[in-house]
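Me: I am new to this structure and would like to know the reasons behind the labels used for it. Please set each value against its cut-off.

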Amino acid sequence: MVAAFKRSGQELGVAPFPSLREGVPYPTYAIGTGSTMSINKTPPIPTGLRLSSDYLYSDAFYDRISKDWPGD
């Protein structure tokens with residue numbers, strides 16, 4: 001993420017997440033990414049959709065995209 005932020009001219013920062021119950025130490029740093037992919041229930045080209053999905057979730061795609069799109 002540091003490299004991605006440097007390229008965009010932004011500054012990476014972190015903030016502690018508050019402890020929401022007894023017994024959970026403070027500070028806690030939640031790490032995660034959020035992304036979703038949605039598909040139309042009745043795609044016009046079902047085979048194309050299936051092939052696209054297969055590619056997007058393939059190891060080859062993840063290996064290639066992780067170099068330029070870190071953290072997702």
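The turns below go through the labels one at a time.

Me: What kind of model is this, and what is its secondary structure?

Reply: The model is predicted. The protein has three helices and zero strands, and from the N terminus its elements run α-α-α.

Me: Why is the pair of Y55 and F61 called edge-to-face?

Reply: By the rule for rings, the protein has two aromatic pairs. In the pair of Y55 and F61 the ring centres are 5.2 Å apart and the planes meet at 65°. Centres within 6.5 Å make a pair, and planes over 60 degrees apart count as edge-to-face. Both conditions hold at 5.2 Å and 65°, so the pair of Y55 and F61 is edge-to-face.

Me: What makes the pair of F61 and Y62 tilted?

Reply: Here the centres are 6.4 Å apart, with 45° between the planes. The distance is within 6.5 Å, so F61 and Y62 pair. An angle of 45° is neither under 30 degrees, as for stacked rings, nor over 60, as for edge-to-face ones, so the label is tilted. Ring pairs thus link Y55, F61 and Y62 into a cluster.

Me: How do you know which of Y55, F61 and Y62 are buried or partly exposed?

Reply: Buried means under 20% relative accessible area, exposed means over 50%, and partly exposed lies in between. F61 has 16%, which is under 20%, so F61 is buried. Y55 has 38%, between the two cut-offs, so Y55 is partly exposed. Y62 also has 38%, so Y62 is partly exposed.

Me: Why is S58 called buried, and what does its side chain reach?

Reply: S58 is in the loop between α2 and α3 (59-68). Its relative accessible area is 18%, under the 20% cut-off, so S58 counts as buried. The side chain of S58 reaches the backbone oxygen of Y55 at 2.8 Å. A polar contact needs its N or O atoms within 3.5 Å, and 2.8 Å meets that distance. Of the 72 residues of the protein, 4% count as buried.

Me: What makes the nonpolar surface patch, and where is M37?

Reply: M37, Y57 and Y62 make a nonpolar patch of about 350 Å² on the surface. M37 is placed in the loop between α1 (2-8) and α2 (46-56). Patch residues need over 30% relative accessible area. Y62, at 38%, is over that cut-off, so Y62 meets this condition.

Me: Why is F17 called partly exposed, and which residues does F17 touch?

Reply: F17 is found in the loop between α1 and α2. Its relative accessibility is 42%, which falls between 20% and 50%, so F17 is partly exposed. Leaving out residues up to four places away in sequence, F17 touches Y26 and T28. F17 and T28 are 11 residues apart in sequence, and their C-alpha atoms are 5.3 Å apart in space.

Me: What is the form of the peptide bond from Y26 to P27, and where does P27 lie?

Reply: The peptide bond from Y26 to P27 is cis, with omega near 5°. P27 lies in the loop between α1 and α2. Most peptide bonds are trans.

Notes. Residues numbered from 1 in each chain as written. Predicted model: local features only at pLDDT ≥ 70, side-chain atom pairs only at ≥ 80, totals over all residues. Heavy atoms only, no water. Patch = residues over 30% accessible without salt bridge, like charges linked within 9 Å, V, L, I, M, F, W, Y side chains within 5 Å. Areas by Shrake-Rupley, 256 points an atom, 1.4 Å probe, with all protein chains shown as cover. Salt bridge = Lys/Arg side-chain N within 4 Å of Asp/Glu carboxyl O. Helix = DSSP H or I, 4+ residues; strand = E, 2+ residues; numbered from the N terminus. Phe/Tyr/Trp six-rings, centres within 6.5 Å; stacked < 30°, edge-to-face > 60°. Buried < 20%, exposed > 50% of the residue type's maximum accessible area, 1.4 Å probe, protein only. Polar contact = N/O pair within 3.5 Å; in protein donor to acceptor, adjacent residues only side chain to side chain. Contact = heavy atoms within 4.5 Å.
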